[in-house]
Amino acid sequence: MARINTIEFKDNKLRLIDQRKLPVEETYFICENYKDVEFAIRDMVVRGAPAIGATAGYGVVLAAQEFKEGQREDFFTKMDDALDKLNKSRPTAVNLMWAIKRMKRIIRDNKDKELDNIYNILKDEADKILKEDIETNKKMASFGNEIVEKGATILTHCNTGALATAGYGTALGVIREAHYSNKNIFVYADETRPRLQGGRLTAWELKEERIPAKLIADNAAATLIRDGKIDLILVGADRIALNGDTANKIGTFMLSVVAKAYSVPFYIVAPTTTIDFDIETGEEIDIEERSSDEVTHVMGNRVAPEGIEVYNPAFDVTPNENIAGIITEKGIVRAPFKENIVKIKE
Ligand code: MRU
């Protein structure tokens, strides 16, 4: 089982495995205050929707740790400002906004208490978010495993594993579960340009656990699908609209189109914290555009000419009609999504 500790709060500091450097270097990034957390999310020290949410929870804890030492009358305004900054550290993964909203509610519900007390309650809540995410992932893994046939070859995109969550993973959690239940599965992992979450992180997790796999360039996926080499596609999500439209790592939409053309089942694996119950369709999802350096450079080395213009969206939206089902901790949601997604709201 994975020995990866993606997010750990210890001795009043948040320790994150530095995902910018894996697998070449296994080092940790220490957040001593909420601004470090804001930076860590923006710069992708930590990434993956559920991991970002859990990290932001501890960002709020670090803000409270800092501001409880000042004047009580300043505490709530300073906290509001810190929560707002954390909320904006990345725009697409809704788990971030979900976690901040949850922490905000805790502050509001306990506002008459001593600041030390509020801090302790916030810390308990952040611990709960982390713990619940692992439990949620195990439930999704179990539901997801039901649709994995013995001997299946599974294609996945980006990194949706222990690194992208509090532990175990979403799509990669289902893959883990299928592997550990001796289904003799085989995995193809897209390298996932430009940040190479597949090549660096998924490949690392698969290798650590000796799950039989091959890494492919993203461009090879369509050929494998056409040639009948893929039985199932499992990917994660950053935000799901009420009609099932799903934002995930750039390249997911393209995979879904090819999957549909060749009738390969295409599933999303995501917790209900990734569903945005406030938006009707994928058109309302804010798609993050990242720096041109991510495309002009590979691991810090320039590969494109100076001055070339770049388009670098970090996510795309897969339309609901390309999705066979959404595997959540409450079961598998299928079409008609518009009717069925609302049913799983708490
Ligand atoms: O830019 P990233 O690495 O944060 O994007 C991650 C993804 O797109 C994942 O597929 C998604 O967050 C689900 S992770 C369980």
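This is a dialogue on how to read the sheets, cores, cavities and pockets of a predicted model.

Reader: Where should I start with the sheets, and what holds the strands of a sheet together in general?

Author: Strands of a sheet pair through backbone hydrogen bonds, and the pairing can be parallel or antiparallel. In this predicted model, one open sheet has seven strands in the order β6-β5-β4-β7-β10-β14-β15, with mixed pairing. At its edges stand β6 (213-216) and β15 (331-333), each of which pairs on one side only. When direction is ignored, neighbouring strands of this sheet are turned by 25° against each other on average.

Reader: Which way do β4 and β7 run relative to each other, and how many bridges join them?

Author: Strand β4 (residues 153-156) and strand β7 (residues 232-235) run parallel and are joined by three bridges. To place this pair in the structure, look for I154, which stands opposite L232 in β7.

Reader: Which helices lie across the strands of this sheet?

Author: Helix α5 (residues 115-145) lies across β10 (266-269), β14 (325-328) and β15, and runs at about 140° to β14. Helix α6 (residues 171-180) lies across β4, β5 (186-190), β7 and β10, and its angle to β7 is about 130°.

Reader: In what order do the strands β8, β9 and β13 form their sheet?

Author: Those three strands form an open sheet in the order β8-β9-β13, and the pairing is antiparallel. Because β8 (239-240) and β13 (315-318) each have a single partner strand, they stand at the edges, and one side of each is left without a neighbour in the sheet. Two bridges join β8 to the antiparallel strand β9 (residues 246-249), where T246 is the bridge partner of I240. Helix α9 (residues 252-261) packs on this sheet, touching β9 and β13, and its direction makes about 30° with that of β13.

Reader: How are the side chains of a regular strand arranged, and which residues of β3 are on its covered face?

Author: In a regular strand the side chains alternate between the two faces of the sheet. In β3, the covered face carries F29 and C31, while Y28 and I30 belong to the uncovered one. This strand pairs with β2 in the antiparallel sense over four bridges, and F29 is the bridge partner of L16.

Reader: Turning to the nonpolar interior, which residues of the largest core touch the most other members?

Author: The largest nonpolar core has 44 residues, and those touching the most other members are L14, V60, M79 and L122. The elements that give two or more residues to this core are β1 (7-10), β2 (13-17), β3 (28-31), α1 (34-42), α2 (49-67), α3 (72-87), α4 (94-109) and α5. Helix α2 provides the largest share, twelve residues. If residues up to four places away in sequence are not counted, V60 touches M79, L83, L86, I100, M103, I107 and L122. There is also a second, separate core of 26 residues, which includes L224, L242, F266 and F337.

Reader: Is D133 buried or exposed, and what is it in contact with?

Author: D133 lies in helix α5 and counts as buried because its relative accessibility is 9%, where the cut-off for buried is under 20%. Leaving aside neighbours within four places in sequence, D133 is in contact with P50, T165, A166 and G167. The C-alpha atoms of D133 and G53 are separated by 9.6 Å, although these residues are 80 apart along the chain.

Reader: How does one find empty space in general, and how many cavities of 30 Å³ or more are found here?

Author: Rolling a probe the size of a water molecule over the atoms shows where empty space is left. A search of the whole structure finds two cavities of 30 Å³ or more, and about 180 Å³ of space lies in the largest cavity. Its lining has 24 residues, of which R47, G48, A49, N159 and D238 lie nearest the centre. Both α2 and β9 supply at least two residues of that lining, and α2 gives the most, with three residues.

Reader: Which residues line the second largest pocket?

Author: The second largest pocket, which holds about 260 Å³ of space, is lined by R20, R193, P194, R195, L196, R200, D293, E294, H297, V298, M299 and G300. At least two residues of this lining come from each of α10 (293-296) and β11 (297-298).

Technical notes:
Residues numbered from 1 in each chain as written. Predicted model: local features only at pLDDT ≥ 70, side-chain atom pairs only at ≥ 80, totals over all residues. Heavy atoms only, no water. Pairing = 2+ DSSP bridges. Contact = heavy atoms within 4.5 Å. Axes fitted to C-alpha atoms, helices over the stretch in contact; angles between N-to-C directions. Core = buried A, V, L, I, M, F, W, Y, C linked by side-chain atoms within 4.5 Å. Buried < 20%, exposed > 50% of the residue type's maximum accessible area, 1.4 Å probe, protein only. 1 Å grid on protein atoms, 1.4 Å probe; cavity = no way out; pocket = protein on both sides within 12 Å on 5 of 7 lines; lining within 4 Å. Points joined across faces, edges and corners; volume = space filled by probe spheres on them.
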